[in-house]
Amino acid sequence: MAQGVGGGARAAGPIPGDPTALFGKSTAQARSEQNLISYAEKTYRPLRPGEFYSAGFLTENRKLAYGNVLGTVTPEEVATLAPPTTALQFAKIGIVPPKGAAYQVGDSLLIAKRITNYEGYGDIILPTGIAQVVEVSPTQATAVLVQMFYRVHNNQVALPLERFTPGGDQRAVPVADGIEAEVITPRTPDFLTEQQSVLFLNKGRADGVAPGDVFELVRTPQERYDAASTIAQTMAKVQIVRVGEHTSSGLVVRVDQADVKPGTRARQVAKLPS
């Protein structure tokens, strides 16, 4: 060991050069750097199929062809005490087709929870998963649950899976005098709005709303009896991921004020280039 002035032991100095040249990078570090490079090189996609299918929508009082989810076709290893039984991903579930209709092997179905009769806008359809038909019998179709968003269980509904249309790779550009709308309701009754929440707006395709549009939610100033009056302020931003004729589903991409309530004003501030 080297001796310092006065005979004491001298601490070793730093290893000269790049230590990784001696020992190499850890597997985790190398993987992390590679992931960052891959992420940076990925093409930007303003609309993604998972967001489209999981967003949910309002039926606008349309009569849809609902199939009925019966539950898993394979008995549970451990019996449950009470329904509903829950299916896991890749489980096989039984589905009764709509009256007068039939499923075919290969059909893709949206599995959803149906929340009925919401204030004149029809039903709320809350997607819980995606299933693909693998077998058909006279009494039911058997489908494999290929993707899950929420718990899938018996007495939910099945709908034909709609085609997803990608939105290119360009970002939304600002617009002036954008479409004015209001928040109808959140998809689920959450107390506070979070990123990735979904809000339904009262404007749709007939009003010029299109997938990829960005809306800014603004608080309406109000007087309060025992406090200062509120002021107009940006509360959140949503990107439209699904559009109906008169309503649309907006994915929350930014939150400034989390207490977004039904009736909150929404103004279109950007849209995808056509």
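Gln196 is partly exposed, with a relative accessible area of 48%, and this residue sits in the loop between strand S11 (180-186) and strand S12 (198-201). The model is predicted, and the values below are computed from it. The points that follow take up two residues with positive phi, the pairing of strands around S15, and the largest pocket.

**Backbone: residues with positive phi**

- Most residues other than glycine have a negative phi.
- Gln196, a residue other than glycine, nevertheless has a positive phi, with a value near 80°.
- Asn61 is not a glycine either, and its phi is positive at about 65°.
- Asn61 belongs to the loop between strand S1 (57-58) and strand S2 (67-72).
- Is Asn61 buried or exposed? Asn61 counts as exposed because its relative accessibility is 53%, and the cut-off for exposed is over 50%.
- Gln196, by contrast, is classed as partly exposed because its relative accessible area is 48%, which falls between the limits of 20% and 50% that bound this class.

**Strand pairing around S15**

- Strand S12, which follows the loop that holds Gln196, pairs with strand S15 (residues 248-255) in the antiparallel sense over four bridges.
- Which residue of S15 is the bridge partner of Leu201? The partner of Leu201 in S15 is Ser248.
- S15 also pairs with strand S14 (residues 234-243), again in the antiparallel sense, and this pairing runs over seven bridges.
- Within the pairing of S14 and S15, Val238 has Val252 of S15 as its bridge partner.
- S14 and S15 form a hairpin, and four residues lie between the two strands.
- In a regular strand the side chains alternate between the two faces of the sheet.

**The largest pocket**

- The largest pocket has a volume of about 390 Å³.
- This pocket is lined by 24 residues, of which Glu162, Arg205, Arg242, Val243 and Gly244 are the closest to its centre.
- Which elements give two or more residues to the lining of the largest pocket? These elements are S1, S14 and S15, and among them are the two strands of the hairpin described above.
- S14 gives the most to the lining of the largest pocket, with a contribution of three residues.
- By class, the lining of the largest pocket comprises 11 nonpolar, five polar and eight charged residues.

Notes. Residues numbered from 1 in each chain as written. Predicted model: local features only at pLDDT ≥ 70, side-chain atom pairs only at ≥ 80, totals over all residues. Heavy atoms only, no water. Buried < 20%, exposed > 50% of the residue type's maximum accessible area, 1.4 Å probe, protein only. Pairing = 2+ DSSP bridges. 1 Å grid on protein atoms, 1.4 Å probe; cavity = no way out; pocket = protein on both sides within 12 Å on 5 of 7 lines; lining within 4 Å. Points joined across faces, edges and corners; volume = space filled by probe spheres on them. Nonpolar A, V, L, I, M, F, W, Y, C, P; charged D, E, K, R; others polar.
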